[in-house]
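Work through the exercises below with the sequence and the structure in view, and try each task before reading its solution.

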Amino acid sequence: MRHFMPDTEFSPSHTVLDAFEDAFLLLDSSGRPLYANQAAEKLFDLAKGRRKSALRQLIKELEPASIFQIRDSAAVQQRKIVLEERIFLVRAQLGGQLGTRFEIETGAHCGQTRLAVILRDITDLRQLAADYSASATQLARMTAALRQMDSGLLVTDAWGRIVFFNPALEALLPPAALVRAQGARAADIFAFMDDFSQGTAQEKLRALQPLLPPPGQAPTDGTTPLAVTRRPLMYCNGCHDALYIFEAAPSDEDASGVIPAPSAAPGTIASSPPTAARAKAEEERNTGGAQYALSDFVGQSREILRLKEMIRKVARTSSTVLIQSESGTGKELLAHSLHALSKRSHAPFIKLNCASLPESLLESEIFGYEAGAFTGAKKGGHAGRFEQAHGGTIFLDEIGEMSLPLQAKLLRIIQEREVQRLGGQSTRRVDVRIICATNCDLSAQMRLQLFRSDLYYRLSVVSISIPPLREHKEDIKSLVIHFLRHYSRLFQRRVKGVSKDVYNAFMLYDWPGNVREFANVIEYAFNILEGDLIEMEHLPSQLLHQADAELKSSGNMDALLRAYSVRLVEHALERCKGHKSAAAKALGISRATLYRLLAQDRP
């Protein structure tokens, strides 16, 4: 179908037209196609002469003879037509300039007037619009339902800003208390917000004085006490928003589950147990001592989402797990999450750092001892960590630091599922799940004969690796939000964010200490910060030195970020074996953006 005059003038246009995702056709006055780009050929299968019905339907819709007669294509502009079960938006242009560049294979004389037609596939856009409309309708329904609730409701976003409250809450509070609440920080209006731990557990308290007094005024008496329940809103594998439920607090004698508030001075907040600290202790008891949950893994990158999915699957079993990752990536957090999600979650979670004790003490801690086993042994003996963890989970951190003699004894426990105390003659059966962690390369240690190969294969039934922060820097934004909220509560001060230069410096830094180092950097900034925005001068010297070195080598921050973007693209292409579409999808960008980034790297 496509033949062009052998002049260099048109060659670039040929390339451009074939690169279009839209179908492009040139029609004569009878509706005969004189030229079609690759998208049009694919749509109408012109090379093989198929799909003539679709082409006939297009000609019938456009009526090119009428367009040529009145020499005006306005009647078909932006028309929507259905071809091959797809919806297309039509754009047309009538003119003679296009014909001077083509030599049509039919032998038509060049220079004749042609009708240029562009067909844009909008099927997916219409579906997207329909989905959006359905979501908007669903949101309107839910909002209307929440407004009808008898309890007062308040919803805050990840930053603690108020995004919704219903009329019932307004009725519970003094008049005009929420006039300017929309978009404001809840902690600037309500006095009890800092009493909540802001964790992932549901909490309940009783507030004698719910509202903060206006600046310069003392708290007023006579406000109705309220029972407030905080429920985290979990979605996208994390806690992002919070729902607060307000109800009039019952009297002390018929509190029915709400513990009466102790006597307190007017204007103070009396929180019924569990308070923030007691709630955390209660949560630990309910989960056998696991202090963290899967939602504490911050990030939405593909690496972190895959890791979370792996944790969910592995938690259902009792197989031994070996976690091999760099320091500061969250190995203990992963172990806690495995226990909290397992059927053993209400049984003990016992942890032991194998590098924190000398070998003699470590052995007695692991296996326990009988009375009189050695000088200073407790009367009645002592249960070892495996006995303490019976029915639950034991977490052995820094397993690579364990000596070879202890490795042999540990291997026997794993094989026989029984333990013998030091100085004892009998063995005790134990039912425990074993989770081990190390930042060492155990394969290399086996080659150096520093770690037993039989123990390694016993421990690595399920091997999990947590990616270092430098491999999922797209999660840095989520980490900034998480740790700003954490340290804002800890330091009792409001910090609204980090500057653009600080964020860029975070993206450029390699983070050898991973998430632990990132948390330390934010905490360091809180210690020396005087305003409410973290700037470059609030960062540690080692991070500043690397940023300065990178800037000097690249010339400016924008150039450095472009270079980093190119490296990400190259890494994605390597993982996808050169497949550009797959690499673009993995990075969450379009193919056009991927090509543009690759073009920037060419000299």
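**Exercise 1.** Find which residue in β19 L322 stands opposite, and describe how β11 and β19 pair.

*Solution.* In this predicted model, L322 stands opposite S463, a residue of β19. Looking next at the strands as a whole, one finds that β11, which covers residues 321-324, pairs with β19 in the parallel sense over three bridges.

**Exercise 2.** Place β11 and β19 in their sheet, and state which strands form the edges.

*Solution.* Begin with the order of the five strands, which is β12-β15-β18-β11-β19 in an open sheet with parallel pairing. The edge strands are β12 (349-353) and β19 (462-464), since each of these pairs on one side only. As a last step, consider the turn between neighbouring strands, which is 15° on average when direction is ignored.

**Exercise 3.** Determine which strands helix α8 touches where it packs on the sheet.

*Solution.* Helix α8, made of residues 302-315, touches β11, β18 (433-438) and β19. Its direction makes about 155° with that of β19.

**Exercise 4.** Work out how helices α10 and α12 are oriented to each other, and which residues bring them into contact.

*Solution.* First, take the axes of α10 (residues 359-367) and α12 (residues 404-416), which come within 11 Å and cross at roughly 5°. Second, recall that angles under 35 degrees count as roughly parallel; α10 and α12 are therefore roughly parallel to each other. Third, list the partners: E359, L362, E363 and F367 in α10 meet P405, L406, K409, L410 and I413 in α12. Finally, sort the residues of this contact by character, which gives six nonpolar, three charged and no polar.

How values were computed:
Residues are numbered from 1 along each chain as its sequence is written. This is a predicted model: local features need pLDDT of at least 70, side-chain atom pairs count only at pLDDT 80 or more; totals for chains, interfaces and linings use all residues. Side-chain values use heavy atoms; hydrogens and water are left out. Axes are lines fitted to C-alpha atoms, for helices over the stretch in contact, and angles run from 0 to 180 degrees between N-to-C directions. Helices (H or I, at least four residues) and strands (E, at least two) are DSSP runs, numbered from the N terminus. Angles under 35 degrees count as roughly parallel, over 145 as roughly antiparallel, 65 to 115 as roughly perpendicular and the rest as oblique. Contact means heavy atoms within 4.5 Å. Ala, Val, Leu, Ile, Met, Phe, Trp, Tyr, Cys and Pro count as nonpolar, Asp, Glu, Lys and Arg as charged, and the others, Gly among them, as polar. Two strands pair if DSSP finds at least two bridges between them.
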